[in-house]
Amino acid sequence: MAASTTARGRPGRRSRSSWRDPWRLAGLIALLILLIFIVYPQLWIVRAAFTDDAGAFTLARFGAFVTDERFTEPLLHSVVVSLAVGAGAALVAVPLAFVVARYRIPGRQGVLTMLTMATTSPPFLGAYAWLLLLGSGGMITKAAREAGLPLPFESILGVGGIIWVGVWFTFALIFLMVYDAFRAVDPALEEAAASVGSTPWRTHAKVTLPLAVPAIATGCYLAAMRIFADFGTPMLIGGGYSMLPVVVYQNFMSEVAASPGVAATASLMMVLVSGLALVAQRRIVARRSFAVTGGRDQPLRELRRGPKALVLTGIWTALLLGFVPHMVVVLTSFLRWQSGILQWEPTLENYRRLFEESLQPIVLSFVFAGIACLIALVMGVVVAYIVARKRFMISGPLLNNLVMVPYILPGTVFAIGFILAFNHLPVILTGTALIIVVAYFIRRLPYVMKSIETALGQVHPSLEEAAMSVGAPPRRSFRDIVVPIIRPAVISGGTVGFLQMITELSATVMLYAVPWVTMTVVIFTNAMQPGSPFGVASAMTTVLLVSVYVPLYLLRRRYKTVSL
């Protein structure tokens, strides 16, 4: 009986001690922060969409949305462009990823480094660069016109330009995901197929490619959603081809003083489409996932001279199209501009004006992103540890799901929620620098948290248990055992998160006030205004590119791989 009483008493003691677990308190604080800055703003969007100007419940806004071509047409355009970009990027990326994963390619590590760097470049920078090249007054179009050479288009402006920029912006993302999938295929599976008479092409079609389907589907989803949520590219080179993020921005800015209901309704439609796309992607991954038990590395084969030349031409052409716009921006930053027209005269005037007139946006961009990144690192470690290690019945699953919500929210939708929620008492953040910092921190937290969570999955709990068994308190075992092991993932996730913050445009352009202008806002506003100082915009773009590529190159060189 005594033994029974003791056994029954132990769960109670474990329960009481679990409530003293510092991670439980940290988890509750993290959950409260996410509820305030993720759930609360989105509830304001829902409220604005489902109420009329008098505050009464209504479905009229949705009825007006689905019957008004001003909204249904941009929604259809956004879906079509997103699908076209995902398919086009996959057509470029998948064959290149297979070849690089299976064959010896000269400069292979350099190719992987450049492709990793390409994934962090914001799409509006590519749009701005291609506008300089192929706009109505662009360098290529102007030179072709003067030489009497026919072009298939008068300008890159329009749906073709959006898709073109989107494909070369996103193909590197799909490449890296599919490359890892092709490298992970157990060679024994292909050898088994060959042993029963299967040709190499049939083996790749029936064995290799199906194993990579989850990675391809995920890559296409991420590529399509990046363009679906992108505000800068269609705004810069849309040329009247309306897409939903731009319509949301324009309607919100025009009606925010009166009623934000229309923009809120369009925002919910964007979230609905994003959610449906995520469900489709997860179903494809769930149905086509395979478990491979082999541990052998995929051997690299040699290519014959002819195919090797063809492959190298394809790889470097893709890299050139991915990077030449940025090289053009750097070049034009050292040339003189007069009333928006490029003059082929070398000068440092653009940089002189930049550091005299626009030094503050550079400093503010680093300060905002730096503060937000530090907060995201602390929160990311807390949330990742709770998700990976603890079995909290409520806070654990909630944290795991809530932290990923900003990843699928378009930047314009995210910003509208912040403006509606924090534009009045008890908390007024709109127009302050703090709202930008908080938006950066919340919006890019998934990058940091998932990188750390992956690393924690490789740290066996027995290491902490061994430290505690010899008297080390939980905090010390975490500090001395876990932190040193996950440090590379913390640095990697923090760096990628910082780079995503410093290049953020969609949310920034809606949240910033005049004293708090960032680099992306300077580039965007100068690129949008005819006759504006394009040289200063090019110089600022160059500074931003250096801010992105130098730390990412150093990180890639130090840790070889970066989780994006």
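Here is a friendly set of questions and answers about this predicted model.

User: How many helices and strands does the secondary structure of the chain come to?

Analyst: Happy to start there, and keep in mind that the model is predicted. The secondary structure of the chain comes to 25 helices and four strands.

User: What share of the residues in the chain is buried?

Analyst: A residue is called buried when its relative accessible area is under 20%. The chain has 564 residues, and the buried share of them is 54%.

User: Among contacts between residues at least 6 apart in sequence, what percentage join residues at least 24 apart?

Analyst: Here we look at contacts in the chain and leave out pairs that are less than 6 apart in sequence. Of the contacts that remain, those joining residues at least 24 apart make up 79%.

User: How much of the accessible surface belongs to carbon and sulfur atoms?

Analyst: The accessible surface of the chain is about 26300 Å² in total. The part that belongs to carbon and sulfur atoms is 66%.

User: Are the rings of W23 and Y385 stacked or edge-to-face?

Analyst: A search of the whole structure turns up 22 aromatic pairs. In the pair of W23 and Y385, the ring centres are 4.2 Å apart and the planes meet at 25°. Planes under 30 degrees apart count as stacked, so the W23 and Y385 pair is stacked.

User: Which helices hold W23 and Y385, and how many residues apart are they in sequence?

Analyst: W23 sits in helix α2 (residues 22-49), while Y385 sits in helix α16 (residues 359-389). The pair therefore ties together parts of the chain whose separation in sequence is 362 residues.

User: Is W23 buried or exposed, and what about Y385?

Analyst: W23 has a relative accessible area of 13%, and Y385 has 5%. The cut-off for buried is under 20%, so W23 is buried, and Y385 counts as buried.

User: Is the aromatic pair of F231 and Y249 stacked or tilted?

Analyst: The ring centres of F231 and Y249 are 4.7 Å apart, with 55° between the planes. F231 belongs to the loop between α10 (200-228) and α11 (232-237), and Y249 to helix α12 (residues 244-255). F231 and Y249 are both buried, and their pair is tilted.

User: At what angle do helix α8 and helix α14 pack, and are they roughly perpendicular or roughly parallel?

Analyst: Two packed helices are described by the angle between their axes and the distance between those axes. For α8 (residues 159-184) and α14 (residues 305-332), the axes are 9 Å apart and the angle is about 115°. That makes α8 and α14 roughly perpendicular.

User: Which residues of α14 do W164, W168 and F171 meet?

Analyst: W164, W168 and F171 are in α8, which passes α14 in a left-handed crossing. Their partners in α14 are A318, L321 and G322.

User: Are α5 and α14 roughly parallel or roughly perpendicular to each other?

Analyst: Helix α5 (residues 108-118) packs against α14 at an angle of about 30°, with the axes 11 Å apart. V111, M114, L115 and A118 of α5 make the contact with I315, W316, L319 and F323 of α14. Angles under 35 degrees count as roughly parallel, so α5 and α14 are roughly parallel.

User: Which residue does a cis peptide bond join to L425?

Analyst: Most peptide bonds are trans. Here omega is about 10° and the bond is cis. The partner of L425 lies in the loop between β3 (423-424) and β4 (427-428), and it is P426.

User: Is T430 buried or partly exposed?

Analyst: T430 lies in the loop between β4 and α20 (433-456). Leaving aside neighbours within four places in sequence, T430 touches F418, I419, F422, N423 and I435. Its relative accessibility is 27%, so T430 counts as partly exposed.

User: How many ångströms separate the C-alpha atoms of T430 and Y512?

Analyst: Y512 is in the loop between α23 (508-511) and α24 (519-528). T430 and Y512 are 82 residues apart along the chain. In space, their C-alpha atoms are separated by 8.3 Å.

User: Is R282 buried or exposed?

Analyst: R282 is part of helix α13 (residues 261-288). Its relative accessible area is 57%. A value over 50% means exposed, so R282 is exposed.

Definitions and conventions. Residues are numbered from 1 along each chain as its sequence is written. This is a predicted model: local features need pLDDT of at least 70, side-chain atom pairs count only at pLDDT 80 or more; totals for chains, interfaces and linings use all residues. Side-chain values use heavy atoms; hydrogens and water are left out. Helices (H or I, at least four residues) and strands (E, at least two) are DSSP runs, numbered from the N terminus. Buried means under 20% relative accessible area, exposed over 50%, partly exposed in between (1.4 Å probe, protein chains only). Contact means heavy atoms within 4.5 Å. Accessible areas come from the Shrake-Rupley method with a 1.4 Å probe; for residues, only the protein chains shown count as cover. Rings of Phe, Tyr and Trp (its six-membered ring) pair if their centres lie within 6.5 Å; planes under 30 degrees apart count as stacked, over 60 as edge-to-face and the rest as tilted. Axes are lines fitted to C-alpha atoms, for helices over the stretch in contact, and angles run from 0 to 180 degrees between N-to-C directions. Angles under 35 degrees count as roughly parallel, over 145 as roughly antiparallel, 65 to 115 as roughly perpendicular and the rest as oblique. A crossing is left-handed if the near helix is turned anticlockwise from the far one by less than a right angle, and right-handed if clockwise.
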